[in-house]
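Subject: Handing over a structure, with notes

Dear colleague,

I am passing on the structure below, and I would be glad if you kept it open while you read the notes that follow.

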Amino acid sequence: MSANKSLARRYFYQIMNGMNAETAHEILSEDFIFTLPTHPEPFHGPDGFLGLVGMLHGAFPDFYINPQEMIANDDWVITRWIGGGTHSGIPLLTVKGNVEASGNFFEIDGMTWHTIKDGKIAESIGHEDTLGLMLQLGVLPSNTKKVEPDRAANELLATRYFDEIMSQGKLEVIEEILDPEFAFIIPTQPEPIKGYEAFTEFVKYLHNAFPDIKFTVMRQTSEGNKVASRWSIAGTHQGEFLGVPASGHHLIDYGIDIFTIKNGKIFSVHVNENDFGLMQQLGAIPS
């Protein structure tokens, strides 16, 4: 399965993003076929597919398509991806005809179903948010009024998250500033922590491990509905944490969070911290 996933990753990164003709002929079968519901005719062979990829990069010079998750079984690999770019190049060929460059940026979700035969990709079936693409490029009229995000309000939500919830442990603030479908994603947890109840238990767990925990925001900025914060943390290890018994050690650690804001509340937080250094300070890993 890992070999098939590797082929799929090379398809996206080296061919779709890198336009590498050598890779295309190496990993795509000679009778390779690419189909997309919005294109009446399939694309055949490595060279036919490279023609499509070249058109995409010609229309969107900063074009990208990045895999988000993969499922592999038998001869199939299914990938969910995010792709986008700025229409600042040649016209884009679509089912609505040629679309002239508008300078608009788009980003959409999509999925690709690969069939692997004899160590090569024999078929690629793509599905994408074509409606979202057309709306974002201005091909179709949108009745949705564009509302500029309130950056100050979004950054205040992130600040309150660190100060009131994470540092002070004010559990009542969780429902006030977090979306009901809130998700907390961090590498040290095997699955995202979702919803009020699960996140409340996590905050309790954190404060049991570090009763004097203190988060300090060192840098913060925002764009659209996203807020990015770099923070430091200080606290004394007085309870079990990540399987490590209380050590009494005082720790200082650093990390970066990216918040997504939805309807005036925090919808998700993606966290990455110096977890290796953290475990060293707790005594779980030799310095």
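A patch, as the word is used here, is made of residues with over 30% relative accessible area and no salt bridge, and nonpolar side chains are joined into one when they are within 5 Å. In this model, which is predicted, Met218, Ile252 and Tyr254 form such a nonpolar patch on the surface, and together they have about 280 Å² of accessible area. Met218 has its place in strand β11, which covers residues 214–223, and with a relative accessible area of 42% the residue is partly exposed.

Strand β11 also gives a way into the next point, a contact made by helix α5. Glu155 is found in that helix, which spans residues 151–167, and its side chain is joined to the side chain of Ser222 by a polar contact of 2.7 Å. If the neighbours within four places in sequence are left aside, Glu155 is in contact with Gln220, Thr221, Ser222 and Val227.

Helix α3 is worth following along its length. The helix runs over residues 45–59, has 15 residues, and reaches 22 Å from its first C-alpha to its last, which is close to the 21 Å expected at 1.5 Å a residue. Which of its residues are buried? They are Gly45, Pro46, Phe49, Leu50, Leu52, Val53, Met55, Leu56, His57 and Ala59. These buried residues pack against the helices α1 (2–17) and α2 (21–27), and also against the strands β1 (28–35), β2 (43–44), β4 (76–86) and β5 (92–94).

Turning to charged pairs, the structure holds seven salt bridges. In one of them the side chains of Arg80 and Glu69 meet, at 2.7 Å from N to O. Arg80 lies in strand β4 and Glu69 in strand β3 (residues 64–73), so the pair ties together parts that are 11 residues apart in sequence. Both partners are partly exposed, Arg80 with a relative accessible area of 28% and Glu69 with one of 45%.

Another salt bridge is formed by Lys117 with Asp75, where the closest N and O atoms are 3.4 Å apart. Because Lys117 lies in strand β7 (residues 105–117) and Asp75 in the loop between β3 and β4, this pair ties together parts that are 42 residues apart in sequence. Lys117 counts as partly exposed at 44% relative accessibility, and Asp75 does so at 36%.

A further salt bridge lies within a helix, where the side chains of Lys204 and Glu201 meet at 3.6 Å, N to O. These two residues are three residues apart in helix α7 (residues 195–209), and they are therefore separated by about one helical turn. Lys204 is partly exposed, with a relative accessible area of 42%, and Glu201 is partly exposed as well, with a value of 46%. In addition, Arg160, Glu164 and Glu176 are joined into one network by salt bridges that share partners.

Finally, a note on Ala284, which is found in the segment after α8 (275–281). Ala284 is partly exposed, with a relative accessible area of 39%, and, apart from its neighbours within four places in sequence, this residue is in contact with Val244 and Met279. From C-alpha to C-alpha, Ala284 and Ala153 are 40 Å apart in space, and they are 131 residues apart in sequence.

With kind regards

Methods. Residues are numbered from 1 along each chain as its sequence is written. This is a predicted model: local features need pLDDT of at least 70, side-chain atom pairs count only at pLDDT 80 or more; totals for chains, interfaces and linings use all residues. Side-chain values use heavy atoms; hydrogens and water are left out. Helices (H or I, at least four residues) and strands (E, at least two) are DSSP runs, numbered from the N terminus. The expected span of a helix is 1.5 Å times one less than its number of residues. Buried means under 20% relative accessible area, exposed over 50%, partly exposed in between (1.4 Å probe, protein chains only). Contact means heavy atoms within 4.5 Å. Patches are made of residues with over 30% relative accessible area and no salt bridge: like charges are joined within 9 Å, nonpolar side chains (Val, Leu, Ile, Met, Phe, Trp, Tyr) within 5 Å. Accessible areas come from the Shrake-Rupley method with a 1.4 Å probe; for residues, only the protein chains shown count as cover. A salt bridge is a side-chain nitrogen of Lys or Arg within 4 Å of a carboxyl oxygen of Asp or Glu. A polar contact is a pair of N or O atoms within 3.5 Å; within protein, one must be able to donate a hydrogen and the other to accept it, and residues adjacent in sequence count only if both atoms are side-chain atoms.
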